[in-house]
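Visitor: Could you take me through one part of this model up close? I'd like to see how a sheet, the helix on it and the core around them fit together.

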Amino acid sequence: MTTFTAFIRNIPYTFTNDELKDTLEKAFGTVTSARIVTRLNRFKQIRQSAGYGFADFAEQKSLDDAVAAHGFQAGGRNLKITVARPRVVVEDNIFVSGIAAGINEEGLKAHFATYHPVDAKIVYNYESEQRRGFGFVRVASKEDRDAAITSLEGSTLGDQTISVRVARRPFLSTEEVERRRELRRNRRRRGGRRAPRRAPQNSAPQ
């Protein structure tokens, strides 16, 4: 069945998936599903709303009406509704956040040893060379990826709890990362000023 997906920001933090679905359905028409994105609160060790999510409408008109409803209020907040971009899923790449400073790439890869890791990469800032606290693990198959995410989400690596989820961008080799870093350096030297900040392909949280 064809669905028409909206991306929704500024969702009240107290809302559940059902409350979001019912609210949108009453205002715009049939909603086949609604899902609020959650994040792991490392201090409380629970998952909490991230304040944004997605809703699948049954009809294009319902989606259009929702997007056109600027300032639509729900739970005392103005929902910001746009058309969701198609989701890109990379079958063999896993995004890992919360990586402790003492963990190197071999240690990250070893943590995924049960799931046939091919490579691991910890992301650094291109300019400062400082670690950014997250990275990527490439595994052998989609099945390994799904099993790793199920088993290792919220696990402890070093002295920190990590969050594990599907990466939305391909894994970059060390050579490709270094090539992009060198390109940025060359642009800055030629221009005489810093290049606009732009996250490397393997650096944006998914």
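Guide: Let's start with a strand pair, bearing in mind that this is a predicted model. Strands β7 and β12 run antiparallel to each other, and 4 bridges pair them. One of the residues to look for here is isoleucine 94, whose bridge partner in β12 is valine 166.

Now zoom out a little. β7 and β12 belong to an open sheet of 4 strands, paired antiparallel in the order β8-β9-β7-β12. At the edges sit β8 and β12, each of which pairs on one side only. Direction ignored, neighbouring strands in this sheet are turned by 25 degrees against each other on average.

Next, the helix. α4 lies across β7, β9 and β12, and its direction makes about 155 degrees with β12.

That brings us to the core. The largest nonpolar core has 19 residues, and Ile94 turns up again among those with the most contacts inside it, along with Val96, Leu108, Phe112, Val137 and Val164. Two or more residues each come from β7 (93-97), β8 (117-124), β9 (131-139), α4 (142-152) and β12 (163-166). The top contributor is α4, with 3 residues. Pick out valine 96 and look around: leaving out residues up to four places away in sequence, its contacts are Leu108, Phe112, Phe134, Gly135, Val137, Ile162, Ser163 and Val164.

There's also a second, separate core, this one of 18 residues, including Ile8, Leu24, Phe57 and Phe72. As a rule, nonpolar side chains in soluble globular proteins tend to be buried together.

For comparison, have a look at another open sheet of 4 strands, antiparallel and ordered β2-β3-β1-β6. Here β2 (31-41) and β6 (80-83) are the edge strands; each has a single partner, so one side of each lacks a neighbour in the sheet. The average turn between neighbouring strands is 30 degrees, direction ignored. β1 (residues 4-9) and β6 are joined by 4 bridges and run antiparallel, with phenylalanine 7 finding its bridge partner in threonine 82 of β6.

Two helices are worth a look on this sheet. α1 lies across β1, β2, β3 (46-57) and β6, at about 145 degrees to β2. α2 (residues 60-68) packs on the sheet too, touching β1, β3 and β6, at about 135 degrees to β6.

Finish on leucine 20, which is in α1 (residues 17-28). Leucine 20 counts as buried because its relative accessible area is 1%, under the 20% cut-off. Beyond its neighbours within four places in sequence, leucine 20 contacts Ile8, Ile11, Phe15, Ala34, Ile36 and Phe54.

Key
Residues are numbered from 1 along each chain as its sequence is written. This is a predicted model: local features need pLDDT of at least 70, side-chain atom pairs count only at pLDDT 80 or more; totals for chains, interfaces and linings use all residues. Side-chain values use heavy atoms; hydrogens and water are left out. Buried means under 20% relative accessible area, exposed over 50%, partly exposed in between (1.4 Å probe, protein chains only). Contact means heavy atoms within 4.5 Å. A nonpolar core is a set of buried Ala, Val, Leu, Ile, Met, Phe, Trp, Tyr and Cys residues joined through side-chain atoms within 4.5 Å. Two strands pair if DSSP finds at least two bridges between them. Axes are lines fitted to C-alpha atoms, for helices over the stretch in contact, and angles run from 0 to 180 degrees between N-to-C directions.
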